[in-house]
Amino acid sequence: MTLSLAETFVQLLYLAASILFVLGLRDLGDAQTARRGVLLAEVGMVAAVAGTLLYGVGVTGVIVRWEWILVALLIGSAVGTGMGLWIPMTKMPERIALSHAFGGLAVGLVGVVEYLEHGGARMSTLQITATGLEVALGALTFTGSLMAFGKLQGFITGRPVTYVGQNASNLAMIAGTLGLIGLLVVQPDAAWAFYAVATLGVLLGVLLVLPIGGADMPVVICLLNSYAGLAASATGFALGNNVLIICGALDGFSGFLLGMMMSKAMNRSFSNVLFGAFGAAPEAKAVTEGAAPAGPAPNVGSVEEAAEVLRAARSVIVVPGYGMAVSQAQHAVRDLANVLQTHGCEVRYAIHPVAGRMPGHMNVLLAEANVPYDHLFDLDVINDDFSATDVALVVGANDVVNPAARSNQSSPIYGMPILSADMAKTCVVLKRSLNAGFAGIENELFVRSNTMMVLGDAKKTLMQFTAALKE
Amino acid sequence: MSLTLIFGLYVFFLAAFTGYQVISKVPHLLHTPLMAFTNAISGISLVGSLLAAGGHYGTASTVLGAVAVLAASINVVGGFLITDRMLRMFKKKGGAR
């Protein structure tokens, strides 16, 4: 098959875009070159979109209703610009969840339009299979991401919602969806089956995210990222468009890879995160109920006492967690670190891979507060240094510093690699209240003799520390 | 099985493999920008949305397609902007960048 000159040109533009996307991703491997990578990908995107428009409107006339496109593009760009420029960094997990929802929606709708257009009857086996998968994954990503967004925002409870037969019914629905896609392959014009696939996708998105707790959000966000990518890839197969297949594959595997890393950092398998909520929740409850009344009381210190400990410290490691994001305390952390450094104290930051609600969440917040990234250290790099450190300052982190992960085999987080904050000479923990953490797991760090709990809003407490140290 | 499918699978798996290699080299530090970035490039589905919205298949298709264009363009524009905004914040000591 020989392509016309215009077709050849557009295909070459797609090829160039694909190469630019891969090069952009490669540049993202280093903070020094990362911005250039974004620029490369932007050039690729403009080339692909402009090529499609010029070719569709001007050459083939495939695109006839360009007014609608123009309006949608303008509104979309305006909304995108607004979201891009003004969403606060603390809301990044929410914005990522929303963008996965948009991605899923776009892909799902394209699938529906393809089906409407062909009525199914004239679609090849490949087209109908790809379209079915595209619509199922797109719909699932759309509602699943909205659920994740709702959980992050607090519209929906962050605790796992479970009921009897949950996993069995979800698996049955997944099997049903695949079965219907199979039916469509045999009978492409069975429109009811097509819309049933879309409906099942919508339902599955809601039901699959329902049982997953807030602390497991990083894995879910990665997984939804992966689904959004795979859905885009399926679109590529349906339309016979390679740049879509490539981008979808890149996005899909990036999400998958990140999700694997997150699961590994929690010492859990993918399937345990996805289907384990039912088993884990009651178990955790039993542990709390048994231990809470009998355990020793936590050592609660005043702001002044804690400030004295910090004043005497020569080395401090800050351990940030989701609480830092909630209380927007990253700037207060940085101010305190500045004062400590002027006193000759060494300040470093220990970042647990699953601290926060998405991969890299803490890094972005600290970067926003102007903390140089060479002061941030991954778990495996810094963990041995805690024992030689005067103060570990835990800012709104809980599970990632829970020593039960090392010692208590009955704990739901047993085996998860944790930051050894308890090994520091003194561990100062900033926490809102003495209530058990998000996952409902008791934290024995809080009752250790070398731990000092300072209760209250982390940001306020940190500002009081800074004021006290400046005196 | 059609040849188109075979070609498509080649493209898919080679891209996935390349992506795996490249992405596993991205440090933890940049994982949030990475997600925003891959989200922006997967907005390439805009290409599909444009064809869907622009076709003369009837009002329903046009409206659904236009919504798809809207959603995809939010991701493309917003995704790139926010990735760059995050990356601008990452500074080494001394801010010599």
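**A shared nonpolar core and the elements around it**

The largest nonpolar core of this predicted model contains 195 residues, and those with the most contacts inside it are Val319(A), Val394(A), Val395(A), Ala68(B) and Val69(B). As general background, nonpolar side chains in soluble globular proteins tend to be buried together.

Val394(A) offers a convenient place to start looking around. Beyond its neighbours within four places in sequence, Val394(A) is in contact with Val319(A), another of the residues with the most contacts inside the core. Its further contacts are Val401(A), Ala421(A), Cys427(A), Val428(A), Val429(A) and Leu430(A).

The strands of chain A help to place these residues. Strand β1(A), residues 315-320, is mostly covered, with five of its six residues buried. β1(A) pairs with two strands, both in the parallel sense. Four bridges link β1(A) to β2(A), residues 346-351, and here Ile317(A) has Arg348(A) as its bridge partner. With β4(A), residues 391-395, β1(A) shares five bridges; in this pairing, Pro320(A) is matched with Val395(A), which is itself listed among the core residues with the most contacts.

Chain B, which brings Ala68(B) and Val69(B) to that list, has four helices and zero strands, giving the pattern α-α-α-α along the sequence. Its radius of gyration is 18 Å, whereas a compact globule of 97 residues would have a value near 13 Å. The C-alpha atoms of chain B fill a box of roughly 60 × 35 × 15 Å along the principal axes. Even so, 65% of its 97 residues count as buried. Of the chain B contacts between residues at least 6 apart in sequence, 59% join residues at least 24 apart.

Conventions: Residues numbered from 1 in each chain as written. Chains lettered and ligands numbered in written order. Predicted model: local features only at pLDDT ≥ 70, side-chain atom pairs only at ≥ 80, totals over all residues. Rg over C-alpha atoms; globule rule 2.2 N^0.38 Å. Buried ≥ 20, exposed ≤ 12 C-beta atoms within 10 Å, placed from the backbone. Contact = placed C-beta atoms within 7 Å. Core = buried A, V, L, I, M, F, W, Y, C linked by C-beta atoms within 7 Å. Pairing = 2+ DSSP bridges.
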